[in-house]
Amino acid sequence: MKFSRTFSLILTLSIVISSCSKKESTFVDPLLTHRDTTVNPADDFFMYANGGWFKQNPIPKSERSNGIFQMIQDTVNAQIKTICENAAKNDDLLKGSNEQKIGDFYASGMDSLSINKAGISPLKNEIARISAVKDVSGLLSTMTHLQTIGSGPGFGFYVGQDDKNSDKNALFFYQGGLGLGQRDYYFDTDQQTTKIRNEYVKHVQKILELSGETSQTAIKNAAIIMKLETELAQNSRKMEVLRDPLKNYNKMSVAQFSALTSNIHWDKMITDLGIKNADSVIVGQPEFFKALNTMIKSYSIEDWKTYMKWDLINTYASYLNAEIENQNFKFYSSVMSGVKQQKPRWKRVVEQTNGSLGELIGQIYVKDYLPKGSKEKLLEIGNNIRDVYAEHIKKLDWMSEATKVKALHKLSKVVMKVGYPDKWKDMSSVAIERNTYCKNVMAVNKWSYNEMVSKFGKPVDRTEWGMFPQTYNAYYSPSNNEICVPGCNIIVPGFEGRMPDDAVLYGIIGGSTFGHEITHGFDDQGSLYDDKGNLRNWWTAEDMKKFKAKTKLIVEQFNRYNVVDDKFVNGDATQGENIADLGGVVMGYEAFKKTKQFKNNEKISGLTPNQRYFLAYGYAWMVNTNKEALAQMVMTDVHSPAKFRVNGPLSNIPEFYETFNVKPTNKMFVPENQRVVIW
């Protein structure tokens, strides 16, 4: 996955023709103006390409970062705000219509008076259910119930494609239940992580007080919660280990799963989760569930009730009264991510409305904001990238012909979902009211859960999308062997009213989007799946050995990058994304070389085709992130920070060295025998 960015760069021909003549004389090329020419591009190309913009545009107090993602997200938010406000002010909407649901959801979120008056009461029925638990049976039943409303105490669960039988939906159980998200937050001893851990206990205490507990009780319960979560974390796998699909695929019968955990009867649990006639499950981390089994008895029922109440409130804190919402922001955004102040309420509610009802908003967004012809242009660029990928595979000197045949076959079968889906999900059963914000969020969570579990026992729907057309992101699904590139926006910032040149198109949408996502099918994880999306080896033993030697080099390269203070990029955890970035920028460049602009060596704004291509790639990752958020990325994200997503891959590309005169004395120089060349 690309991490919060997919660019739809397509303008209709009529717009281009009518506007170019008017704006040609006033066009200011962002590839020029964003640069910081005091920086040597051979030492830090990321800052050379983007530092000028960073100097003029500091990170807003309400954000953890600023850059091209934020510019485009602001545009999308403004468009979605219009959709929401138009629906909210229309009194004649049919009950149950898409517009009614959008309008009432948004209005309920903007009604801060009602939200503050309600306090924690929207959760009273769920809290009462937790309080009524008397024994282990009731504990487990309540724990599974909370899963159905978006909470996740104790463990994780979902229905999805069986990695080894991609036509079938299976039941997956995996480690979870951590309020800090990642296990390392509970154990690392550096100053920043220790501070977060200490502040977390204070945060839990404060939330419990705001939910009605006395200060003394809240202090005691916060300590219990921290102790319980720390034990869950102790038995959880590290982020880099979770990336291995083979180690995290442990299929067993329901009876075997129950035998693994004598205190947890999974046949009943699975029934309570809404699944009928299950014969097998896929357990991601068996050792975690063995530990959970012991903890069910080693902690008292009261301890578990305290933990479940916390998990529930923590799940819905952003939708409750101002005191709880502000405390939630203070810890998760300020302490963990360095954000100084809350976003405006309209923006928070717009983003939540889109997150909950994006399937409905997307239908309006496509009709009102997405230009005609977007799908066709996106597919054109995507297919051009696939063509050069095939050429590269055929020329590889380290892969045998037998494996090349299978790689080319898999490549030819990659499905490209672009723009927007041909059919939309049915959300007609979701009831949205105007004065119940938290309950509206819960209603959508229930619908999402029920929609997920309804897939069990049915054939996999390979036409389904995992993103909305207005989402700035993209993904590769190994089980479907597909990429999804939403048609989100029509403008590259700075190129409004004109078609970007091919260097920009192929540097951004060709390289960092299509090239990146296709490469995920051939990274350290995706390469383990065949053309039909099954976890099955299609490599010769010798070829796989050579491939792993190359991926080891990219792990070592990124391990050397210091992010902030004493934190370095986790090369193992980020290797899939780093491989995809390298493959993407290489394939984008190869596709660009076939364009008229490149062949004619056409200069634009005084920049050569090569200079423009690499600057465009740098622009694609123009993101300035604060110190706290960078530290959090190292702990929780399988993507490298933006700086290294630019400097890392480019340090391996000979044409970059030639274009910007990189010498052994420069900081970006990597000896030729250490440069990573994979695809």
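**Entry 1: the sheet**

I began with an open sheet of 3 strands, in which the order is β6-β8-β7 and the pairing is mixed. The model I consulted is a predicted one. I noted β6 (415-419) and β7 (475-477) as the edge strands, each pairing on one side only. From one strand to the next, the twist averages 15 degrees.

I then looked up how β7 is joined to β8 (residues 482-486): the two pair in the antiparallel sense, over 3 bridges. For Y476, I recorded I483 in β8 as the bridge partner.

**Entry 2: helices on the sheet**

Which strands does helix α20 touch? I found that α20 (residues 502-520) packs on the sheet and touches β6, β7 and β8. The direction of α20 makes about 155 degrees with that of β8. I also entered helix α17 (residues 374-395), which lies across β6 and β8 and runs at about 145 degrees to β6.

**Entry 3: aromatic pairs**

I obtained a count of 53 aromatic pairs. I examined Y319 and Y437, whose ring centres are 5.7 Å apart; their planes stand at 85 degrees, so I entered the pair as edge-to-face. This pair links distant parts of the chain, 118 residues apart. Y319 is in the loop between α14 (301-316) and α15 (322-337), whereas Y437 is in helix α19 (residues 437-453).

Are these two tyrosines buried or exposed? Y319 has a relative accessible area of 14% and is therefore buried, the cut-off being under 20%. Y437 has 6% relative accessibility, so I counted Y437 as buried.

I next took W398 and W539. Their ring centres are 6.2 Å apart and their planes are at 15 degrees, so the pair is stacked. I placed W398 in the loop between α17 and α18 (401-412), and W539 in the loop between α20 and α21 (541-559). The two tryptophans are 141 residues apart and link distant parts of the chain. W398 and W539 are both buried.

**Entry 4: an aromatic cluster**

Which residues form one aromatic cluster? I listed F45, Y48, Y589, F592, F598, Y613, F614, F656, Y657, F660 and F669.

**Entry 5: charges over rings**

I looked up R675 and found that it lies over the face of Y657, at 3.8 Å from the ring centre; Y657 is one of the residues in the cluster of Entry 4. I also recorded K375, whose charged end sits over the ring of Y420 at 4.3 Å from its centre.

Note on methods
Residues numbered from 1 in each chain as written. Predicted model: local features only at pLDDT ≥ 70, side-chain atom pairs only at ≥ 80, totals over all residues. Heavy atoms only, no water. Pairing = 2+ DSSP bridges. Helix = DSSP H or I, 4+ residues; strand = E, 2+ residues; numbered from the N terminus. Axes fitted to C-alpha atoms, helices over the stretch in contact; angles between N-to-C directions. Contact = heavy atoms within 4.5 Å. Phe/Tyr/Trp six-rings, centres within 6.5 Å; stacked < 30°, edge-to-face > 60°. Buried < 20%, exposed > 50% of the residue type's maximum accessible area, 1.4 Å probe, protein only. Lys NZ or Arg CZ within 6 Å of the ring centre and 35° of its normal.
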